Amino acid sequence: IASLTVAEADASAMPRLSMHRALLLRLTLLAANPAECMQASLTRVRTHTHAALLSAARTPASYASAASPAGTEKAASTFPPLTNDLMLRAARGEAVERVPVWLFRQAGRHLPEYTAYKQEKGKNFLELLRDPADVAEVTLQPVRRYPLDAAILFSDILVIAEALGLAVEMPGGKGIVVPQPLASPDDFERLTLPTTKEEAAAVVKDRLAHVIDAVGLIRRELNGRVPLIGFSAAPWTLFYYMVGGSSKINQQNGEMWLKEHPEASAKLLESLRLVVVEYLSQQVEAGAQLLQVFEAMGSFISEPNFEAHALPHMRMIADEMKARHPEVPLMVFPRGASYSLPALKEAKYDVLTLDDSIERADARRLLPGVCLQGNFDPKLLVDSSADEVRAAAREMLDALGSQKLIANLCEGLSGKEDPALVSVLVDAIHDYEV
């Protein structure tokens, strides 16, 4: 260590070192030459490097390069062995001894401990997302409360839009919004739009490093209890928000752009796909064991436009992820566009998620041999009786079967649900006779 220079300890060299070694190196250099080390830090060290060092200080294990398939194996070897692999086996179509379950938006506002944590930290939702320690804590809260079979990274689908240059806000009662959406292609000047996978990887590394750091921290704190799901919005969903700003207003803007600005729309969707691929891939490199792709805005695009503009990018995402990380199950949720499920099956997504628009018996008939996910109605978790929840869970499982199924919801938890009823649901699914 003493033979190395300050330049070798700089942030630009850290990807070639284990993060633990880099931390020790900085401390040694600081003791030996505090003035030089301080100057180097002030001029070169980026914000995301500090976050990575913080994570490394908590857990001294090396971070693998996000561009190397070999790095996946190296990173995985640093984590404790998995003791509950139900989700992985179900996703791969293997036999399971009980139905695995996790829930969309299982972390967050329906939990009293989440509200208490926010108040303790004095942070809002978006502020929590920027600190890997906060992300890890909130991710783990539902796994501590319920016997779930997976944790999912606590984040938001719009972090990519923010990384590309759009401001994202969460005003009270209005959900997450883009306050200044793209009005015309001239607004591309406000954005960083990658045109190559290398540029996209750099955007993720530079602007979403706090998310990637959180993934590794969560894996270590899970200690092999359950697998960790990484996720991203699909390109159309990101496009929809970037040109419309909200799920509640300007709902026509997405399709309007496709019609009035076809070349610009194609350019934006292409850039978004490049970033989504790199974002998902770097989550796997950091420790994610399954991936979920959310096409959440399928209700706001016509079937012909979905097939022309959304589906091709979803196919390419699956192709790229299967080429890079064939061992990682890929789940997809085309909410409001269940007609696309057969095509997504052909695209090699391992797990197909059902919303409430498709009959369960039809889903099994139309999608034989594939693992399905869904589709309990979370509205039943607000003020139903425990017996009503158990009956509805049993009805779902009777229709979908107990094999090649991951029990989940038809939409995310809204925050109004009773944790006691959520617990009843999870137990009812686990108690179902396989």
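The exercises below, each with a worked solution, concern a predicted model of one protein.

**Exercise 1. Overall make-up**

Task: State how many helices and strands the protein has, and what share of its residues is buried.

Solution.
- Step 1. The secondary structure consists of 20 helices and seven strands.
- Step 2. The protein has 434 residues, and 56% of them are buried.
- Step 3. The accessible surface is about 18,000 Å², and carbon and sulfur atoms account for 51% of it.
- Step 4. Taking contacts between residues at least 6 apart in sequence, 74% join residues at least 24 apart.

**Exercise 2. Confidence**

Task: Find the mean pLDDT of the protein, and say over which residues the pLDDT is below 50.

Solution.
- Step 1. The mean pLDDT is 86, and 82% of the residues reach 70 or more.
- Step 2. The pLDDT is below 50 over residues 1-69.
- Step 3. Beyond near neighbours in sequence, residues 1-69 have 90 contacts in the model.

**Exercise 3. A salt bridge within a helix**

Task: Locate the salt bridge between Arg365 and Asp362 in the secondary structure, and classify Arg365 as buried, partly exposed or exposed.

Solution.
- Step 1. The closest N and O atoms of Arg365 and Asp362 are 3.3 Å apart. The cut-off for a salt bridge is 4 Å, so the pair qualifies.
- Step 2. Both residues belong to helix H17, which spans residues 360-366. They are three residues apart, about one turn of the helix.
- Step 3. Arg365 has a relative accessibility of 56% and counts as exposed, because the class begins over 50%.
- Step 4. Asp362, at 29%, is partly exposed.
- Step 5. For a further case, take Arg144 and Glu137, which form a salt bridge with closest N and O atoms 3.0 Å apart. Arg144 is partly exposed at 46% relative accessibility.

**Exercise 4. A salt bridge between loops**

Task: Determine which parts of the chain are tied together by Lys379 and Glu411.

Solution.
- Step 1. The side chains of Lys379 and Glu411 form a salt bridge, with an N to O distance of 2.8 Å.
- Step 2. Lys379 sits in the loop between strand S6 (371-376) and helix H18 (380-383). Glu411 sits in the loop between strand S7 (405-409) and helix H20 (419-431). The pair therefore ties together parts that are 32 residues apart in sequence.
- Step 3. Lys379 is exposed at 53% relative accessibility, whereas Glu411 is buried at 18%.
- Step 4. Lys379 and Glu411 also belong to a network of salt bridges with Arg335 and Asp377.
- Step 5. The whole structure holds 18 salt bridges.

**Exercise 5. Two aromatic pairs**

Task: Decide whether the pair Trp236 and Phe239 is stacked or edge-to-face, then do the same for Phe306 and Tyr339.

Solution.
- Step 1. The structure contains 13 aromatic pairs. In one of them, Trp236 and Phe239 have ring centres 5.6 Å apart and an angle of 25° between the planes. Planes under 30 degrees apart count as stacked, so this pair is stacked.
- Step 2. Trp236 and Phe239 are three residues apart in helix H12 (residues 235-244), a separation of about one helical turn. Trp236 is buried at 1% relative accessibility, and Phe239 is buried at 0%.
- Step 3. The rings of Phe306 and Tyr339 have centres 5.7 Å apart and planes at 85°, so this pair is edge-to-face.
- Step 4. The pair links distant parts of the chain, 33 residues apart. Phe306 is in helix H15 (residues 303-324), and Tyr339 is in the loop between strand S4 (330-334) and helix H16 (341-346).
- Step 5. Phe306 is buried at 0% relative accessibility, while Tyr339 is partly exposed at 29%.

**Exercise 6. Ser265 and the aromatic cluster**

Task: Describe the surroundings of Ser265, and name the residues that Ser265 touches.

Solution.
- Step 1. Ser265 lies in helix H14 (residues 262-286).
- Step 2. Ser265 is buried, with 2% relative accessibility.
- Step 3. The Ser265 side chain reaches the backbone oxygen of His261 at 2.8 Å.
- Step 4. Leaving out residues up to four places away in sequence, Ser265 touches Phe239, Trp257 and Leu258.
- Step 5. Phe239 and Trp257 are members of one aromatic cluster, together with Phe188, Trp236, Tyr240, Tyr241 and Phe300.

Methods: Residues numbered from 1 in each chain as written. Predicted model: local features only at pLDDT ≥ 70, side-chain atom pairs only at ≥ 80, totals over all residues. Heavy atoms only, no water. Buried < 20%, exposed > 50% of the residue type's maximum accessible area, 1.4 Å probe, protein only. Helix = DSSP H or I, 4+ residues; strand = E, 2+ residues; numbered from the N terminus. Contact = heavy atoms within 4.5 Å. Areas by Shrake-Rupley, 256 points an atom, 1.4 Å probe, with all protein chains shown as cover. Phe/Tyr/Trp six-rings, centres within 6.5 Å; stacked < 30°, edge-to-face > 60°. pLDDT = per-residue confidence, 0-100. Polar contact = N/O pair within 3.5 Å; in protein donor to acceptor, adjacent residues only side chain to side chain.
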